[in-house]
Amino acid sequence: MLGTFLDHQWKAFWRSKNKGGTIATQIFIGIIVVYLLGVAFFLGFGMEAFITQFFPGKDVFTVFNGVILYYFAADFLMRMQLQELPTLSIVPYLHLKIPKQKIVNFLNTRALFSAFNVLPLFLFLPFCATAISDVYDSFTALMYVVSILSLTVFNNYAALYIKRRSIQNLKIVPLVFLLIIALGLLEYFKVFSISAISNRVFGFVTTYPLAGFGFTLFAVLTYQLNARYLRSNLYVEELSKNEAKKTSTDYPFLDRFGEIGTLVALELKLILRNKRSRSAVTMSLLFLFYGFLFYKKELLDQDKLELMLFASVFMTGNCISIYGQFMFGWQSSHFDGLMANKIDIRNFIKAKFLMFTLFSTFTTLIACLYGFLSWKILVIQFAAYLYNIGIGTVIVLYFATRNYRSMDLSKGSTFNFQGVGASQWVLGLPYFLAPYVILLPFSLSGAPYWGFIALGACGLTACLTREFWVSFIVNEFNKRKHKITEGFREKS
Amino acid sequence: MILEISNLQKRYGNRTVVNISDLQINAGETVGIVGNNGAGKTTLFRMLLDLIRPDQGEILSKGEQVAHDGQWKDYTASYLDEGYLIDYLTSEEYFVFIGSLHKMSVAHVTDYLKQFQEFFNEEILGKGKYIRDFSKGNQNKVGIAAALMQAPELLVLDEPFANLDPTTQIRLKTLIKSLKQERNMTTLISSHDLNHVTDVCDRIILMEKGLIIKDLRTNENTLQELEAYFSG
């Protein structure tokens, strides 16, 4: 039976209409997976050498032992964010003549198929197999492997258990987060140290290898906890979200824009009330930290500003590129309704422009805080801002009229390639290259500031001639309107 | 005459799904379109609403081509399927949004919805739920009410009786009949329920594989005639 379930899941994965979209997407995902595993494998095998290089003078085993629990603590946090609950896939089986226990077993087995469970194997096992079995003995090495496998399983089920509980009781989420923050602060202020604890625990394992089974005990316990919880709560409505009462909202400041404002308000609600859009926009706000990577003191002092333009364009316009690349797919589920209703396409497009301008202005204002590092950053960012609201929006919307893929908004956006098509891949090139094309002649002739002024001027010109660009996009949209609506009707 | 269709064709691959050489709908008519799955009813409606581009032929609404300008949107309201509903809005927000497209104020919309109290049966308003969390039947109600709220001259509904409870089915029929009396509204309905269409429509069009094979004025024999066709 378990085999049949897994077989169905396998088919569901490969036969889903939009499973990754184009071949390009799949190759890309494949490359990333292979890359990550490769890195983990490389780190695993080179662990000994790396430790001696980065922590000279420290005992290799002390460092290794210290890292293990640290890794699993971080792993736990990542799982809380990224690991999906395998729930909906069981709905078609609940009413059939299948014992509940089997369904629970399936859910629990299915949960093991996650990249999170593979990574630690690549990372830690090589070291166990080589260094530990050399210095201690192969039995100790084996118990290390058992410990690490058990910790992986423990993390897997503990994260799922907390997630499941939090669906029924929303109060758990802030509690868990407070706990994590408290632990983080204690670690930060050196009240206690995870690595010291980790060291002591695994030091104990080296002396008494059989103690490794302690982790196994914990793993089995969490598995049981999960299984029991699932068995007693195996009802569709309890497995899926059960949220508080919804209220209507409106945004009075948008009223002055008339129908355009109404459409912007509609899209703001879309962003806030759907999981995927919400996480896409949150992610783009996180990218505001990019500046710390790119704005380097030495480069600023030497006026090597060209390198920073990419970061500026990305930060001042990250909502435009990250959210906008899927335009109009966000609205795919009700696109028929939008088209058949009395909405002027011109206003529809203008609303997109207005929304991008608002977004971009907002992120630019936040990014202005980088001005404390140097006033030069403000110059670059202002030019990038004008580029984004003038030219970037037009590029993104032009590609939006060539995007025919519907999107499922109920899943998170990280590593979600549903709805990704060719237009998303091509979009990045002109969007990020255009500012460099304008800047290049100036920076080659040694006048980068004039380059930024030129870039800003181009953006401003595009803003002032926006009516023309709106007509251009409307025209492009009308050419492919039927193809877009048809594409959106095909759900994945 | 409110709608004129001539030479209309739509093909998918080498299969012709709609092939109508000539069809005219007069203002004030209530027209039922019946036919088995794959007869081309929904495709025809989508072409009427400019959601699908016909391969051939034209559709004139009040003498203007629907594909060329959006004039028809001023007096045409429709509800085909859930693809019309903005599922992350509450029902109230959705009505206000649709109303705003027709320059109706919030107060105006609220006032208008009062007439639907009976139709809604206390299931729709003030529930504190997003539309995506409603049952199919209640989603249908939201869509149909939003279409009626636009006070259309031409109303297009695709299988409105499906998923509705019997009480609401009867109320919907009464509503359509009275709007025809009061405002001379033209209605196009597709349905699999022969009883309902013969009851509410004064003209019935029977489609099979994209072709119109019968175009009847409803009388007391119509139901039998249709049943004879479908059981044959």
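Me: What makes the six strands β6-β7-β8-β3-β9-β10 of chain B an open sheet with mixed pairing, and which strands stand at the edges?

Reply: Good place to start! In this predicted model, the strand order in chain B is β6-β7-β8-β3-β9-β10, and the pairing is mixed. β6 (76-79) and β10 (211-217) of chain B each have a single partner strand, so one side of each is left without a neighbour in the sheet. From one strand to the next, the twist averages 15°.

Me: How do you know that β7 and β8 of chain B pair?

Reply: Count the bridges. Pairing needs at least two bridges between two strands. Five bridges join β7 (residues 154-158) to β8 (residues 186-190) in chain B, so they count as a pair. These two strands run parallel, and B:Leu155 stands opposite B:Thr187 in β8(B).

Me: What lies across β6 and β7 of chain B?

Reply: That is helix α5 (residues 136-149) of chain B, running at about 175° to β6(B).

Me: Why is B:Tyr94 said to touch B:Ile131?

Reply: Contact means C-beta atoms within 7 Å. B:Ile131 is among the residues that B:Tyr94 touches, and so are B:Leu85, B:Ile86, B:Leu89, B:Val142 and B:Ala146. Residues up to four places away in sequence are not counted.

Me: What makes B:Tyr94 stand out in the largest nonpolar core?

Reply: Together with A:Val396, B:Tyr94 has the most contacts inside this core of 127 residues. Helix α19 (residues 375-400) of chain A gives the largest share, 14 residues. A second, separate core has 31 residues, including A:Ile68 and A:Leu107.

Conventions:
Residues numbered from 1 in each chain as written. Chains lettered and ligands numbered in written order. Predicted model: local features only at pLDDT ≥ 70, side-chain atom pairs only at ≥ 80, totals over all residues. Core = buried A, V, L, I, M, F, W, Y, C linked by C-beta atoms within 7 Å. Buried ≥ 20, exposed ≤ 12 C-beta atoms within 10 Å, placed from the backbone. Helix = DSSP H or I, 4+ residues; strand = E, 2+ residues; numbered from the N terminus. Contact = placed C-beta atoms within 7 Å. Axes fitted to C-alpha atoms, helices over the stretch in contact; angles between N-to-C directions.
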